[in-house]
Amino acid sequence: MRFALFLLLACGDGPNKTTVRGEPTLETFESKMCACRDAACAKAVVVEMAAWSKKVKAVRDNLEDTAKTMQRYNACMASASRKR
């Protein structure tokens, strides 16, 4: 699942930026996930990010930054998912 999320999210604006239309970025979802304190919150962020990833069209320039962001996102998701 983590690899699939990485592939889905390898697009969007660069780190800490929003799109022209003010839409969230990958980093927005990383922050949301890391704020989660339980599995229900983590699941809600995953659902929201999946819907967002279907709308994103731009390709990220720096895949290394994307990989680091997704590593942090996945670590936070794992931690929140263990808590009920």
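This report walks through the disulfides, one buried threonine and the nonpolar core of a predicted model.

## About the model

Residues are numbered from 1 along each chain as its sequence is written, and side-chain values use heavy atoms, with hydrogens and water left out. Because the model is predicted, local features need pLDDT of at least 70 and side-chain atom pairs count only at pLDDT 80 or more, while totals for chains, interfaces and linings use all residues.

## Two sulfur links

Let's start with the cysteines. The structure holds two disulfides, a disulfide being a pair of cysteine sulfur atoms within 2.5 Å. If you number the bonded cysteines of the protein chain in sequence order, they pair as 1-4 and 2-3.

## Cys34 and Cys76

One disulfide joins Cys34 to Cys76, with 2.0 Å from S to S. Its angle about the S-S bond is 90°, and the link is right-handed. What does this pair tie together? Cys34 lies in helix H2 (residues 26-35) and Cys76 in helix H4 (residues 63-81), so the bond connects parts that are 42 residues apart in sequence. Helices here are DSSP runs (H or I, at least four residues), numbered from the N terminus.

Are these two cysteines buried or exposed? Cys76 has 19% relative accessibility and counts as buried, whereas Cys34, at 27%, counts as partly exposed. For these words, buried means under 20% relative accessible area, exposed means over 50%, and partly exposed is in between (1.4 Å probe, protein chains only).

## Cys36 and Cys41

The other disulfide joins Cys36 to Cys41, with 2.1 Å from S to S. Here the angle about the S-S bond is -65°, and the link is left-handed. Cys36 is buried, with a relative accessible area of 4%, while Cys41 is partly exposed at 28%.

## A buried threonine in H4

Now back to helix H4, where you will find Thr69. This threonine has 3% relative accessibility, so Thr69 counts as buried. Which residues does Thr69 touch, leaving aside its neighbours within four places in sequence? Thr69 is in contact (heavy atoms within 4.5 Å) with Leu26, Glu27 and Glu30.

## The nonpolar core

A nonpolar core is a set of buried Ala, Val, Leu, Ile, Met, Phe, Trp, Tyr and Cys residues joined through side-chain atoms within 4.5 Å. The largest one in this model has 15 residues. Those with the most contacts inside this core are Phe29, Met33, Val45, Met49, Trp52 and Tyr73. Helices H2, H3 (39-55) and H4 each supply at least two residues of the core.
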